[in-house]
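Here are my notes on the model you passed along. I've kept them as numbered points, so you can check each one against the coordinates.

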Amino acid sequence: MLWALGALSLGLGKILENMELGHNVIHGQYDWLGDPQLNGKSYDWDIVGTADNWRYTHNFRHHTYTNVRGLDDDIGYGLLRIFPEQKWKPFYLAQPVIAVVFALLFQWGIAIQNLKLGRWWHGKMSSRQLRVASAPVVRKMGRQLAKDYVIYPALAGPFFLPVLLGNLVANGLRNVWTYVIIFCGHFTANAETFPKECVKNESRGHWYLRQLRGSSNLRGGFLMNVMSGNLSHQIEHHFFPDVPANRYAEMAKEVRAICARYGQHYNTGTLLTQFGQVCWRIVRHAFPSRPPKFAPLRHADATA
């Protein structure tokens with residue numbers, strides 16, 4: 001009983017460090033404090049992935065090209081077909097199982113996301129290039145593995161194995177929770193993807209509209225906000241990624257009113273509802289499916 005309570009507490013601590021602290025600090029939300037420990041350009045977090053890779057794949061590519069096919073690598077993370085616009089391959093038949101494994105190992109998927117292993121597999125990247133690119137990631141992985149599964153358990157002496165297993169469970173809880181929150185923020189039934197052409201000569205208003213239509217929120221109150229690092233307000237986060245996240249709930253009232261005024265759908269729902277839609281997408285699009293005939297987002301929508 002005490003072991004389970006300890007593992008759960010550690011898991012909750014890792015979730016808070018990863019989502020409420022790490023993700024938001026790395027976005028530069030607290031640079032204005034002038035605290036070197038909360039500087040978005042130098043902060044590193046307690047996962048196997050490097051913060052530098054995250055700054056590129058997430059802060060730059062994902063937030064610039066949110067849900068743009070071929071530019072936003074977060075669409076399925078190279079493993080899953082979640083939208084009918086993604087080309088179907090027989091490999092995707094296994095994705096309901098792959099999705100579960102990916103959730104359990106989510107931090108590892110984040111860690112290797114920027115290595116472009118597919119390019120190496122298809123001969124578009126040399127092994128030497130891969131070794132150079134992966135060196136910082138391998139070092140970070142080694143430090144995390146040593147800390148969680150060697151050093152901390154060794155400090156516990158005769159309780160080496162319970163501490164090791166507790167760390168394993170805590171990391172698993174953090175992985176699954178992070179996966180659920182991120183997927184619920186981007187891959188629900190009403191979330192959209194967009195072709196590369198939509199960013200050509202894209203206006204600022206069009207960019208905001210794309211963020212709105214490619215994002216999903218979660219209802220759940222203060223506890224949900226804190227445990228998700230306020231990514232329960234994914235729409236507001238995509239609008240203003242460098243604004244302190246604890247302001248999103250207040251900003252959401254204004255954003256929702258603007259959406260109602262201009263006839264735009266404000267995508268929100270409970271965790272159960274939104275994740276149910278994500279699971280349905282994963283299962284449905286494991287099989288061949290047709291994309292809509294017409295692109296849902298037009299430049300005219302942003303100027304209406």
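**Notes on the charged network, the helix packing and the cores**

1. Let's begin with Asp44, which comes out as partly exposed at 36% relative accessibility. Keep in mind that we're looking at a predicted model. Asp44 pairs up with Lys140 in a salt bridge, and the closest N and O atoms sit 3.1 Å apart. That joins distant parts of the chain, with Lys140 in helix H6 and Asp44 in the loop between H1 and H2, 96 residues apart. How buried or exposed is Lys140? Lys140 is buried, with a relative accessible area of 3%, so this bridge has a buried lysine on one side and a partly exposed aspartate on the other.

2. Next up is Asp46, in the loop between H1 and H2. Its side chain meets that of Lys14 in a salt bridge, 2.9 Å from N to O. Lys14 belongs to helix H1, so the pair ties together parts of the chain that are 32 residues apart in sequence. Both partners are tucked away: Asp46 is buried at a relative accessible area of 17%, and Lys14 counts as buried at 5%.

3. Asp46 has another salt bridge to look at, this one to Lys147, with 3.0 Å from N to O. Again the link is between distant parts of the chain, since Lys147 is in helix H6 and Asp46 in the loop between H1 and H2, 101 residues apart. Lys147 has 18% relative accessibility and counts as buried; the cut-off is under 20%, so I'd read that label with the cut-off in mind. Which residues end up in one network through shared salt-bridge partners? They are Lys14, Asp46, Lys147 and Asp148. For the overall tally, a search of the whole structure turns up 9 salt bridges.

4. Asp148, a member of that network, deserves its own point. This residue sits in helix H6 and is buried, with a relative accessible area of 4%. Leaving out residues up to four places away in sequence, Asp148 touches Lys14, Pro153, Asn167 and Asn171. The C-alpha atoms of Asp148 and Asn171 are 9.1 Å apart in space, and the two residues are 23 apart in sequence.

5. On to the helix pair. H6 (residues 127-155) and H7 (residues 160-184) pack at an angle of about 145°, and their axes are 8 Å apart. Is the crossing left-handed or right-handed? For H6 and H7 it is right-handed. On the H6 side the contact is made by Asp148, Tyr149, Val150, Tyr152, Pro153 and Ala154, and on the H7 side by Phe160, Val163, Leu164, Asn167, Leu168 and Asn171. Sorted by class, the contact has 9 nonpolar, 2 polar and 1 charged residues.

6. A quick look at Ile151, which is also found in helix H6. Ile151 is partly exposed, at a relative accessible area of 44%. From Ile151 to Leu164 it is 9.5 Å in space, C-alpha to C-alpha, and 13 residues in sequence.

7. Now the nonpolar core. Which residues of the largest core touch the most other members? Of its 33 residues, those are Tyr77, Phe106, Tyr179 and Phe183. Elements giving two or more residues to this core are helix H1 (2-26), helix H2 (51-64), helix H3 (95-104), helix H4 (106-112), H7, helix H9 (221-227) and helix H12 (271-284). H7 supplies the largest share, 6 residues. As for Tyr77, its contacts are Phe102, Phe106, Ile110, Gln113, Ile182, Phe183 and Phe187, not counting residues up to four places away in sequence. There is also another core lying apart from the largest one, with 8 residues that include Leu209, Ile235, Val255 and Cys259.

8. Finally, Gln234. It is found in helix H10 (residues 234-239) and, polar or not, is buried, with a relative accessible area of 2%. What does Gln234 touch? Setting aside residues up to four places away in sequence, Gln234 touches Gly185, His186, Ser215, Ser216 and Asn217.

Key. Residues are numbered from 1 along each chain as its sequence is written. This is a predicted model: local features need pLDDT of at least 70, side-chain atom pairs count only at pLDDT 80 or more; totals for chains, interfaces and linings use all residues. Side-chain values use heavy atoms; hydrogens and water are left out. Axes are lines fitted to C-alpha atoms, for helices over the stretch in contact, and angles run from 0 to 180 degrees between N-to-C directions. A crossing is left-handed if the near helix is turned anticlockwise from the far one by less than a right angle, and right-handed if clockwise. Contact means heavy atoms within 4.5 Å. Ala, Val, Leu, Ile, Met, Phe, Trp, Tyr, Cys and Pro count as nonpolar, Asp, Glu, Lys and Arg as charged, and the others, Gly among them, as polar. A nonpolar core is a set of buried Ala, Val, Leu, Ile, Met, Phe, Trp, Tyr and Cys residues joined through side-chain atoms within 4.5 Å. Buried means under 20% relative accessible area, exposed over 50%, partly exposed in between (1.4 Å probe, protein chains only). A salt bridge is a side-chain nitrogen of Lys or Arg within 4 Å of a carboxyl oxygen of Asp or Glu.
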